[in-house]
Amino acid sequence: WTGYYQIWFYLGGVLGAVISGVATDRLGYTPMLWIAAVLGIAGWLVSFIFLPETRHGQKEELSSQHQNNYPNYLSNPTVLLAAFLHGSNRFASAGVLSATFALLVQDYIIHTDVVLGVATLTGLLSGFRMIVSMTASPLVGILSDRVGNRWMTILVMLLLCGVSMVLIVEESWLLFFMGIILASMTTGGLQTLTTAVVGDEVSSVHRGKAISILYTSGDLGSALGPIVAYALLPTIGLRGVYWICAGLFFIGMPITLWQARTKLVQ
């Protein structure tokens, strides 16, 4: 179900990327940002009017014995690991890749006969990325349910995420495109799985707080990605920046493997 939920997250990205890319080349940045502001206000109005209120809902009562079966969410190593992996994922995908995607496209356009504008082509490819992520998210969720060990599935996603970062900066349209497809599949799947494992490991009364830690880590990664990328570009270039992203995914693999083996033993 977390995978199905992510479909709507990526569907907004698909429509926004494709439409705004084409429209920006025709209208310019300022009109498109005004349109985005209006849509943001419209989204707020919809949530204000139609989103069900949960403040007065009945809270689930857990026995003290059941509650003690869960570590405190702030000291739960599963929550901290999931937050690190989610933050790294968003740092690479929503931060570095999104912020430098136009530079990658521009670099490839210079060496080809493509006649589309940079914003249009970037928007189309960004939309394609979102479609792949939107498709992969529920499939990865179904796979993890059937495997019965989410951490083993996460381990595979981390390996493929790291490989995709390397492929994206290779000097070949084919490898670049393969890297984009692989990154879209795995970063979308990783976002689904890190959310699911937090739900698995944290008691229901603390899930809201634990999920907030997860997504705060993701937002922090998304915010730091462009800053770090453009700060390092003059010294190490795009290839170096993407190798750093690959390194973050590879760093998370040993402890994820340990977590996966622990779950197998249990």
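User: Setting aside neighbours within four places in sequence, which residues is Ser133 in contact with?
Analyst: Quick caveat: this is a predicted model, where local features need pLDDT of at least 70 and side-chain atom pairs count only at pLDDT 80 or more, while totals for chains, interfaces and linings use all residues. Residues are numbered from 1 along each chain as its sequence is written, and side-chain values use heavy atoms, with hydrogens and water left out. Ser133 sits in helix α5 and is buried at 4% relative accessibility (buried is under 20% relative accessible area, exposed over 50%, partly exposed in between, with a 1.4 Å probe and protein chains only). Taking contact as heavy atoms within 4.5 Å, the partners of Ser133 outside that stretch are Tyr10, Ser184, Thr187 and Gly188.

User: What pattern does the chain follow along the sequence?
Analyst: Helices (H or I, at least four residues) and strands (E, at least two) are DSSP runs here, numbered from the N terminus. The chain has eight helices and zero strands. Read from start to end, that gives α-α-α-α-α-α-α-α.

User: Among contacts between residues at least 6 apart in sequence, what percentage join residues at least 24 apart?
Analyst: The chain holds 266 residues, and 42% of them are buried. For contacts between residues at least 6 apart, the share joining residues at least 24 apart is 82%.

User: Which element gives the largest share of the largest nonpolar core?
Analyst: A nonpolar core is a set of buried Ala, Val, Leu, Ile, Met, Phe, Trp, Tyr and Cys residues joined through side-chain atoms within 4.5 Å. The largest one has 44 residues, and those touching the most other members are Phe101, Leu104, Ile154, Met165, Ile168 and Tyr242. Two or more residues come from each of α4 (77-110), α5 (118-147), α6 (150-168), α7 (173-201) and α8 (207-265). The largest share, twelve residues, is from α8.

User: And which residues does Tyr242 touch, not counting those up to four places away in sequence?
Analyst: Tyr242 is one of the core residues that touch the most other members. Beyond its sequence neighbours, Tyr242 touches Val96, Leu97, Thr100, Leu104, Met165, Ile168 and Val169.

User: How far apart are the C-alpha atoms of Tyr215 and Ala83?
Analyst: Tyr215 lies in helix α8 and is partly exposed, at 26% relative accessible area. Leaving out neighbours within four places, Tyr215 is in contact with Gln6, His86 and Thr195. Ala83 is 132 residues away from Tyr215 along the chain, yet their C-alpha atoms are separated by 7.5 Å.

User: Which residues are linked in a network of salt bridges?
Analyst: A salt bridge means a side-chain nitrogen of Lys or Arg within 4 Å of a carboxyl oxygen of Asp or Glu, and the count comes to three. Arg150 pairs with Asp145 at 2.8 Å, N to O, and with Asp200 at 2.5 Å. Asp200 in helix α7 and Arg150 in helix α6 are 50 residues apart, so that pair links distant parts of the chain, and Asp200 is partly exposed at 40%. The network is made of Asp145, Arg150 and Asp200.

User: Which residue forms a salt bridge with Glu170?
Analyst: Glu170 is in the loop between α6 and α7, and its partner lies in helix α8, 69 residues apart. Glu170 is partly exposed at 24% relative accessibility, and the partner is partly exposed too, at 34%. With the closest N and O atoms 3.3 Å apart, the partner is Arg239.

User: How many disulfides does a search of the whole structure find?
Analyst: A disulfide here is a pair of cysteine sulfur atoms within 2.5 Å. Cys161 is buried at 0% relative accessible area, and Cys245 is buried at 0% as well. The number of disulfides found is zero.

User: What accessible area do the residues of the nonpolar surface patch with Phe50 have together?
Analyst: Patches take residues with over 30% relative accessible area and no salt bridge, joining like charges within 9 Å and nonpolar side chains (Val, Leu, Ile, Met, Phe, Trp, Tyr) within 5 Å. Areas come from the Shrake-Rupley method with a 1.4 Å probe, and for residues only the protein chains shown count as cover. Phe50 is in helix α2 (residues 29-50) and is exposed at 63%. Together with Ile41, Trp44, Leu45, Val46, Phe48 and Ile49, Phe50 forms a patch with an accessible area of about 810 Å².
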